[in-house]
Amino acid sequence: MITENGVNVPPEAENFLVDLELNAKTGILVSYDDDFVGLMGITDPLKREAAVVVEGLKKMGVHPVMLTGDNWRTAKAVAKEVSL
């Protein structure tokens, strides 16, 4: 959305964004008056028991899937954490 509005995002920021997403964080790009001003990463930590629950479901013959509104890199990183 930020690029659709004509804001130029520096390559360093794009690389950092990808790194955040690969580490299960959601990157948020920030602009002001059509200028890129920064980026931040947020995370919603998994509950400690999430991986155990997923493993238990698998042992019961259930094929768990994840539905998320996150971007695909963040979703993939989270899925890896719980063995999905």
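Me: In this predicted model, is Asp 33 buried or exposed?
Reply: The relative accessible area of Asp 33 is 58%. A residue is called exposed when this figure is over 50% and buried when it is under 20%. Because 58% passes the upper cut-off, Asp 33 is exposed.

Me: Where does Asp 33 lie, and what is its phi?
Reply: Asp 33 belongs to the loop between E1 and E2, and these two strands form a hairpin with two residues between them. Most residues other than glycine have a negative phi. Asp 33 is not a glycine, yet its phi is positive, at about 50°.

Me: How many bridges join strand E1 to strand E2?
Reply: Strand E1 covers residues 26–32 and strand E2 covers residues 35–42. The two strands run antiparallel, and one of the pairings sets Thr 26 against Ile 42. The number of bridges joining E1 to E2 is seven.

Me: Is Leu 29 of strand E1 buried, partly exposed or exposed?
Reply: Leu 29 is located in strand E1, and its relative accessibility is 27%. Buried requires a value under 20% and exposed a value over 50%. Since 27% falls in between, Leu 29 counts as partly exposed.

Me: How many Å apart in space are Leu 29 and Glu 81?
Reply: Glu 81 is placed in helix H3 and is partly exposed, at a relative accessible area of 48%. Leu 29 and Glu 81 are 52 residues apart in sequence. From C-alpha to C-alpha, the distance between Leu 29 and Glu 81 is 25 Å.

Me: What distance separates the C-alpha atoms of Glu 81 and Ala 50?
Reply: Along the chain, Glu 81 and Ala 50 are 31 residues apart. In space, their C-alpha atoms are separated by 9.0 Å.

Me: Which residue in the segment after helix H3 has a positive phi near 60°?
Reply: Helix H3 spans 72–81, and the segment after it is the place to look. The residue there with a phi near 60° is not a glycine, and it counts as partly exposed at 42% relative accessibility. This residue is Ser 83.

Me: Which residues of helix H1 are buried?
Reply: Helix H1 has 12 residues and reaches 17 Å from its first C-alpha to its last, close to the 16 Å expected. Seen down the axis of H1, the buried residues fall within an arc of 95°, so they line one face of the helix. On the other side of H1, Pro 11, Glu 12, Asn 15 and Leu 22 are exposed. The buried residues of H1 are Ala 13, Leu 17, Leu 20 and Glu 21.

Me: How many Å apart in space are Asn 8 and Asp 44?
Reply: Asn 8 occurs in the segment before helix H1 and is exposed, with a relative accessible area of 67%. Asn 8 and Asp 44 are 36 residues apart in sequence. Their C-alpha to C-alpha distance is 28 Å.

Me: Which helix gives the most to the lining of the largest pocket?
Reply: The largest pocket, of about 280 Å³, is lined by 16 residues. Nearest its centre lie Ala 24, Asp 44, Asp 70, Thr 74 and Val 78. With four residues, the element that gives the most to this lining is H3.

Me: How many residues in the lining of the largest pocket are nonpolar?
Reply: The lining of the largest pocket divides into nonpolar, polar and charged residues. Four of them are polar and four are charged. The number of nonpolar residues is eight.

Methods:
Residues numbered from 1 in each chain as written. Predicted model: local features only at pLDDT ≥ 70, side-chain atom pairs only at ≥ 80, totals over all residues. Heavy atoms only, no water. Pairing = 2+ DSSP bridges. Buried < 20%, exposed > 50% of the residue type's maximum accessible area, 1.4 Å probe, protein only. 1 Å grid on protein atoms, 1.4 Å probe; cavity = no way out; pocket = protein on both sides within 12 Å on 5 of 7 lines; lining within 4 Å. Points joined across faces, edges and corners; volume = space filled by probe spheres on them. Nonpolar A, V, L, I, M, F, W, Y, C, P; charged D, E, K, R; others polar. Expected span 1.5 Å × (residues − 1). Arc of directions from axis to C-beta.
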